[in-house]
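Visitor: I've got a model open and would like to learn how to read it. Could you walk me through it, one feature at a time?

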Amino acid sequence: MSFSTMDLELDDRMTQVRATHRIKAFTHWSLPTPNACVSLHSDLARAERPNRLKMLRRATGFLARPILCGRARPFSTDLHAAQTTDSGFVEAWKKVIPNMEPPKTPLSFMQPRPPTPSSIPSKLTVNFVLPYASELSNKEADMVIIPATTGQMGVLPGHVSTIAELKPGVLSVHEGNEVTKYFVSSGFAFIHANSFADIIAVEAVPVDQIDANQVQKGLAEFTQKLSSASTDLEKAEAQIGVDVHSALNAALTG
């Protein structure tokens with residue numbers, strides 16, 4: 001082997017050794033050991049901890065703000081009783097036509113809302129109205145049982161403010177040993193914190209005026225229609241008839 005050939009082989013080996021060291025060094029820094037990974041993760045966690053604490057303090061401040069500043073919207077019981085005259089309309093009318101008395105607005109015919117008593121009254125004041133009649137007006141009762149969509153709901157004096165949707169069923173008004181029952185088709189009940197209950201129904205009839213024979217006849221008729229219905233509309237109409245007549249039958253038998 002000549003001298004020049006030995007020099008070339010030596011140079012090639014040195015080049016390979018340098019390349020191997022460079023690869024090892026690159027691998028050492030790019031792919032850390034598991035301990036190094038744990039250390040790096042701990043460093044990142046410590047670096048993020050102040051940011052997390054800052055975000056937590058900010059969120060806590062937002063949550064506590066409504067408590068410290070009070071309610072944004074007052075309850076209806078916190079408001080004053082409604083006025084019986086529209087003062088703004090009256091003032092504007094007198095400026096334009098001072099020699100003529102202003103006409104009465106619907107607000108003039110409304111009674112002011114009674115204030116919420118400091119103690120629970122002994123009676124519940126009930127107003128029960130229909131689109132064409134007023135069944136009960138300022139009726140004092142011990143309890144009212146309402147057929148709500150969520151179930152039978154008993155209302156006593158001092159009940160919390162509630163709005164309930166009515167379903168076909170019996171509305172009973174209890175006053176001592178006397179119980180007056182109405183069958184209602186649907187509607188809403190508004191229970192106020194001042195022990196007033198406003199009940200609005202689409203249709204209602206005293207239970208003692210319901211004809212049991214007509215109820216049984218209607219229940220059988222709608223049950224047959226439901227079994228023979230072929231369209232969704234026919235099924236829905238028949239199902240409504242079955243539900244109403246079943247509720248009527250339960251009101252009579254219960």
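Guide: Sure, and keep in mind that this is a predicted model. Let's begin with a pair of facing residues: Ile145 stands opposite Ser172 in strand S6.

Visitor: Which strands pair there, and in what sense?

Guide: Strand S3 (residues 143-148) pairs with S6 in the antiparallel sense, over three bridges.

Visitor: What is the bridge partner of Ser172 in S7?

Guide: That's Lys181. S6 and S7 also pair in the antiparallel sense, here over seven bridges.

Visitor: How do I read the turn in the hairpin of S6 and S7?

Guide: Look at what lies between the strands, then at the backbone angles. This hairpin has two residues between its strands, and Gly176 takes a positive phi near 65°.

Visitor: Is S6 mostly covered or mostly open?

Guide: To judge cover, go by relative accessible area: a residue counts as buried under 20%. In S6, six of the seven residues are buried, so the strand is mostly covered by that cut-off.

Visitor: Which elements do the buried residues of H5 pack against?

Guide: They pack against strand S6 (169-175), strand S7 (178-184) and helix H4 (212-228). The buried residues of H5 include Ala238, Gly241, Val242 and His245.

Visitor: How do I check the length of H5 against what's expected?

Guide: Compare its end-to-end reach with the expected rise per residue. H5 (residues 232-253) has 22 residues and reaches 31 Å from its first C-alpha to its last, close to the 32 Å expected at 1.5 Å a residue.

Visitor: How far apart are Glu221 and Gly241 in sequence and in space?

Guide: They are 20 residues apart in sequence and 8.8 Å apart in space, C-alpha to C-alpha. Glu221 is found in helix H4, while Gly241 is one of the buried residues of H5.

Visitor: Why is Glu221 called partly exposed?

Guide: Because its relative accessible area is 38%, and partly exposed covers values between the 20% and 50% cut-offs.

Visitor: And Thr125, buried or exposed?

Guide: Thr125 is buried, because its relative accessible area is 13%, under the 20% limit. Thr125 sits in strand S1 (residues 124-129). Leaving out residues up to four places away in sequence, Thr125 touches Asn138, Lys139, Glu140, Ser195, Phe196 and Ala197.

Visitor: How about the whole chain?

Guide: There are five helices and 10 strands in the chain, and buried residues make up 20% of its 254 residues. The accessible surface comes to about 18,700 Å², with 60% of that belonging to carbon and sulfur atoms.

Key: Residues are numbered from 1 along each chain as its sequence is written. This is a predicted model: local features need pLDDT of at least 70, side-chain atom pairs count only at pLDDT 80 or more; totals for chains, interfaces and linings use all residues. Side-chain values use heavy atoms; hydrogens and water are left out. Helices (H or I, at least four residues) and strands (E, at least two) are DSSP runs, numbered from the N terminus. The expected span of a helix is 1.5 Å times one less than its number of residues. Buried means under 20% relative accessible area, exposed over 50%, partly exposed in between (1.4 Å probe, protein chains only). Contact means heavy atoms within 4.5 Å. Two strands pair if DSSP finds at least two bridges between them. Accessible areas come from the Shrake-Rupley method with a 1.4 Å probe; for residues, only the protein chains shown count as cover.
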